[in-house]
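Reader: I'm new to this one and would rather look closely at a single part than skim everything. Could you pick out some strands and walk me through how they sit together?

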Amino acid sequence: MSEILALLFFPGGLFVLAGGMAYEWADRKLVARLQNRVGPRWFQPLADTVKLLAKEEVIPSGVNAFLFLGLPVVALAGALTAAIYVPLAGLNPIYSFPGDLIVTLYLLSLLTLCTGLAGANTANTFSLVGATRTLTQLFSYEAPFLLALLGPALAAGSWQINQINAYAHDHWLLLTQPVGFVVALIGLMGKLELPPFDAPEAETEIVAGALTEYSGRGLALFRLGRNVELMIGLTLVASFYLGGLGNPLEFFAKTLALLLGLSFLQSLMARLRIDQTVGLWWRYGALLVLAQWLALILIGGLAR
Amino acid sequence: MTERVVMADKREKFIIPIGPQHPALKEPGHFEFTVDDEIVTDAAVRLGYVHRGIEKATESRNWIQNLYLLERICGICSHTHAMAYCLGVEKLGGVTVPPRAQAIRSLVAELERIHSHLLWLGVAAHEAGFDTLFMYSWRDRETVMDVLEGLTGNRVNYSANLLGGVKFDINGDQGDTIRRGLDFLEERTRYYLDVVTSDAVFLQRTRGIGLTTIEQAERLGLVGPTARASGVARDLRIDAPYAAYGDIPVKIVLDSAGDLEARFVVRIKELFESYRIIRHILDHLPEGELQTKMPRRIKAGETISRVEAPRGELFYFIKSNGTDTPERIKARTPTMCNMASVAVLAVGHQLADMPMILAGIDPCFSCNDRSVVIRQGEEGGAWTWERLRQYGIDFYRRQS
């Protein structure tokens, strides 16, 4: 019974959905204030979601309707499933097993994959270009992001999220693995397609990218999935690099601090072209994080 | 089972349509970019969605009514349109406008240039996905909008001109307000110049993109800041001074690089030049009348008048038949001259650069849309208003 409650309400399910929307609002509000705008009211993400859910979903001609309707559901389900393995609200994860870090990371990638497939499924030219860009971006940030999150795992000697979290509680890995922290944070921006990595949905070129044909429920689910992923991503990076998450207070303080950093980065830069994004990740991101890995292994070997 | 849509074009061309309705466009226009992966291999431009028939409409209004009609050709450079028209009609009518009025015309024209360039800076930054610069520059643009409102009573379509003069005077208090506004803007402009020339991420999007050599610029007939960014020394305020520009030392702003960065730099440096010109005008404002008497009928004849609009050379042809309405008025706006460069420059660039290249010429669609009917085997000559109207009705009937 308590497991079902945990899955449906707290800390999984509804809490994650509500939290995701709250984080989306915080992000939008922070960016707006940095850009000298007023920004949305606190309930705007909820209002958007309710409005979209209530709207008719138009299935364009030429698409596979099963995929068109199914992909948003899979995307959100992937993100929600990932939530049960991470220390949300600073509490122990609902489920945990050795190697759950890898499962979580792949569940998080499901959203991007679904977005790409959803774009490729429609016959819209903007969607097709957007889908190509989404998947190109996935292949560029995914490896460095993965390596950046495996750095703490290497240091902790475990690939289980709650054990890494416990280890990080005594070790601020931000200080010992600064490169990994930066790559993880920027990788999170790439994953969430936040500016300056928003080439896949650059409105001045390809309207809304892969999701151009989506309206109503499908769009709402994709947006919710994105919000949940923002929350989980912040939780992961904060728990690994910012000294672990032991209680709700720590959780909110650290994730919001990270979010502030994210909004600074978002409002600082112009959009990167997709070739520049790929170049950035493979030329700098991947190499730097690999160099840090090498250093970690060497130091670990010497210390032993 | 739903039916798979087969790509209509079997030649394996992948065409990205931008427009007529698209987030990158603030006004309707249509661009078709043929892309190979992300590289543009061909580009086509189609214009004419906001053709309003203003030139024809001038023929059924008198000289004074036309002043207000022509001012509405463009919402951004409205003053230059009215000024070009006034200068032409005054030349035809043989009227000399008092120097104080000419100075005030130039002053409003420079204020308009400031607001137009700041607006462009924001739009161009937005096309590059740099929304922070967009928001900041548009916030600061409010300063000059307030100044214009304080002077003329309007934020756009100032109606500062009259045939034979201007409508309002500038007193000492207003001069001080303008100077305060300019001081603030000058400081901000220095910051923007620093941003567009030193922000590494932004430079990646502008440096070396949309490269136009001086030969290309001459061949394509570019005008205004777009041409000056390629090193073409062409500025009507210097080459053919009008209004009060004969008495004002204007320095030309040139850049030889020819890329998007140069277009940013030239437009921002022109802002400094405008600040200097406005201060000069305020310091040397001649005393005297604001208006002279203008005849109601303009004697028969034809003339051209050219002014340097914020986007480049604005050209007016005015023909009078001796009555109180013009025989023919023809306006050629700078966007018309620059538009061809978009289709040429697009080829070989990435799709992501297209909005930037388009914004680089500072396009203004509604002023450049016009209808030209070319048919072989038909005699030329002017259409009557009824024939034009009937043509429009038939055209849309055929479409539906």
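Author: Sure, and keep in mind as we go that this is a predicted model. Let's start in chain B with strand β1, residues 14-18, and strand β2, residues 30-36: the two run antiparallel and are joined by five bridges. To find a spot where they meet, look at B:Ile18, whose bridge partner in β2(B) is B:Phe31.

Now follow β2(B) onward to strand β3 of chain B, residues 39-46. These two also pair in the antiparallel sense, this time over seven bridges. What links them is a hairpin with two residues between the strands. One of the turn residues is worth clicking on: B:Asp37 has a positive phi of about 60°. Right by that turn in your view, try B:Asp36, which stands opposite B:Ile39 in β3(B). So far, then, β2(B) has β1(B) as a partner through five bridges and β3(B) as another through seven.

Next, jump along chain B to strand β7, residues 312-320. Is it buried or exposed, you may wonder? Mostly covered: seven of its nine residues are buried. For that label, a residue needs 20 or more other C-beta atoms within 10 Å of its own.

β7(B) has a partner in strand β6 of chain B, residues 301-309, and the pair is antiparallel with nine bridges. A hairpin takes the chain from β6(B) to β7(B) through two residues. If you want a landmark across this pair, B:Glu302 stands opposite B:Lys319 in β7(B).

β7(B) also pairs with strand β8 of chain B, residues 326-332; these run antiparallel too, with six bridges joining them. Here the landmark is B:Phe317, which has B:Lys330 in β8(B) as its bridge partner. The hairpin of β7(B) and β8(B) has five residues between the strands, and in it B:Gly322 takes a positive phi near 90°.

While you're tracing strands, one general point helps: in a regular strand the side chains alternate between the two faces of the sheet.

To put the second group together, β7(B) is joined to β6(B) over nine bridges and to β8(B) by six, with seven of the nine residues of β7(B) buried. In the first group, β2(B) plays the matching part in your tour, pairing with β1(B) and with β3(B).

Key. Residues are numbered from 1 along each chain as its sequence is written. Chains are lettered from A and ligands numbered from 1 in the order in which they are written. This is a predicted model: local features need pLDDT of at least 70, side-chain atom pairs count only at pLDDT 80 or more; totals for chains, interfaces and linings use all residues. A residue is buried if 20 or more other C-beta atoms lie within 10 Å of its own, exposed if 12 or fewer, and partly exposed in between; C-beta atoms are placed from the backbone. Helices (H or I, at least four residues) and strands (E, at least two) are DSSP runs, numbered from the N terminus. Two strands pair if DSSP finds at least two bridges between them.
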